[in-house]
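Biologist: I am new to this structure and would like a close look at one single part of it. Could you choose a helix and take me through its surroundings with care?

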Amino acid sequence: MSMYQVKPICGVDVKIDLPTCMYKVPNVHAQRGNCCSSQHALQNGEVDPAVNALEARQDEIMRKLYELKAAVEGLAKTVMTPDADLDVTVSSSLSSPQSSSATTFKGTTDLDALLGKDLGALRDIVINANPAQPPLTLLVLHSLLCQRYRVLSTVHVHSSVTSVPQQLLSCLGPRHADSYARHMFQLGFTLIWKDVPKLEMKFSVQNMCPIEGEANVARFLFKLLAPYPSDPALATLVDSWVDTAFFQLAEGSAKERAAVLRALNSALGRNPWLSGPEFSLADVACYCCVLQSDSASSAPANVQRWIKSCENLGHFSPAKLLLQ
């Protein structure tokens with residue numbers, strides 16, 4: 001290093017260190033040798049190493065661009081919803097897939113086939129829910145989705161809500177160290193506690209209108225887990241139980257709830273599950289509404305047995321814990 005002294009500034013001498021060697025002159029002979037070797041490689045049908053290096057660099061740039069696109073897409077999902085005044089982020093959590101041996105569905109699903117291929121962007125499910133009416137079915141379906149996919153789960157509080165109980169803030173699980181890396185996940189599950197009259201969901205902010213009502217959102221989420229029955233009569237039976245759960249068990253009178261419990265008891269006397277031999281959305285909806293209507297303790301014998309069967313699956317624990 002060499003010292004260079006300049007004129008004093010405000011009476012203080014300023015000295016600047018300069019490197020002794022500023023630039024390195026390239027070796028022309030070495031470059032000529034590399035050029036000859038590249039020409040020799042091309043003549044022998046080999047790929048020029050410089051081309052390989054360029055392709056590797058391009059792949060790395062594209063990977064970073066996809067990660068950036070995923071991050072921007074995630075922010076846009078929040079900013080472009082009706083929740084532009086979202087003011088508090090409560091928690092972010094990663095829900096890892098569980099063992100496939102615990103899967104309750106026989107069919108397999110492919111997100112690209114269901115939702116279309118979307119390179120680099122996380123498919124984000126954004127749900128607005130009122131904390132006065134926690135959507136128990138969504139917690140159960142979230143648990144099932146985490147069993148099938150890599151799900152990035154986040155809970156927010158909207159400015160329209162003054163306070164939210166702690167159990168609602170942690171209803172999707174604990175924060176994970178890798179929650180910032182959106183490219184690691186297949187689905188985003190964003191739950192926003194907001195003062196809304198009816199639960200609403202947006203999946204693709206750019207081209208999809210909101211889905212309203214817990215029953216309709218539950219149907220959408222369940223299709224990401226397993227296809228609806230191909231038999232029209234069986235599909236209608238599932239839909240009928242879902243509607244009965246939300247409109248009569250959850251919102252009906254005491255007389256209507258008693259009638260539904262009798263119907264459940266009769267159906268469960270013939271089959272282990274409401275739609276037959278296999279677990280379905282009908283079981284998720286009816287179980288959650290039985291719990292939420294506080295009808296479990298007075299339920300008939302077959303319904304009591306079915307409740308225990310549901311709880312043995314393990315996916316209903318988030319809903320049950322929320323009511324304790």
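Modeller: Let us take helix α10, whose buried residues are V303, W306, I307 and C310. These four cover an arc of only 105° around the axis, which means that they lie on the same side of α10. On the other side of the helix, A301, K308 and N312 are exposed. Please keep in mind that this is a predicted model, and that the protein chain averages a pLDDT of 75, with 65% of the residues scoring at least 70.

As for its dimensions, α10 runs over residues 301-312, and its twelve residues reach 17 Å from the first C-alpha to the last, which is close to the 16 Å expected at 1.5 Å a residue. After the helix comes G314, a residue whose phi is positive, near 90°.

The buried residues of α10 pack against two other helices, α8 (254-268) and α9 (281-292). Of these partners, α8 is where confidence in the protein chain is highest, at a mean of 95, whereas strand β3 (residues 88-95) is where confidence is lowest, at a mean of 40.

The other partner, α9, also has twelve residues, and from its first C-alpha to its last it reaches 16 Å, close to the 16 Å expected at 1.5 Å a residue. This helix is mostly covered, since eleven of its twelve residues are buried; among them are L281, D283, Y287 and the cysteines C286, C288 and C289. The buried residues of α9 pack against α10 and α8, and also against α4 (136-148), α6 (214-223), α7 (232-249) and α11 (317-323). Following α9 is D294, whose phi is positive, near 60°.

Turning from these helices to a strand, D124 is found in β4, which spans residues 123-129. At 3% relative accessibility, D124 falls under the 20% cut-off and therefore counts as buried. The side chain of D124 makes a polar contact, at 3.2 Å, with the side chain of T190.

A word of caution concerns two other stretches of the chain. Over residues 6-12 the pLDDT stays under 50, and the model has four contacts there beyond four places in sequence. Over residues 14-23 the pLDDT likewise stays under 50, and for this stretch the model has 20 contacts beyond four places in sequence.

Technical notes. Residues are numbered from 1 along each chain as its sequence is written. This is a predicted model: local features need pLDDT of at least 70, side-chain atom pairs count only at pLDDT 80 or more; totals for chains, interfaces and linings use all residues. Side-chain values use heavy atoms; hydrogens and water are left out. The expected span of a helix is 1.5 Å times one less than its number of residues. Buried means under 20% relative accessible area, exposed over 50%, partly exposed in between (1.4 Å probe, protein chains only). The arc is that of the directions from the helix axis to the C-beta atoms. Contact means heavy atoms within 4.5 Å. pLDDT is the predictor's confidence in each residue, from 0 to 100. A polar contact is a pair of N or O atoms within 3.5 Å; within protein, one must be able to donate a hydrogen and the other to accept it, and residues adjacent in sequence count only if both atoms are side-chain atoms.
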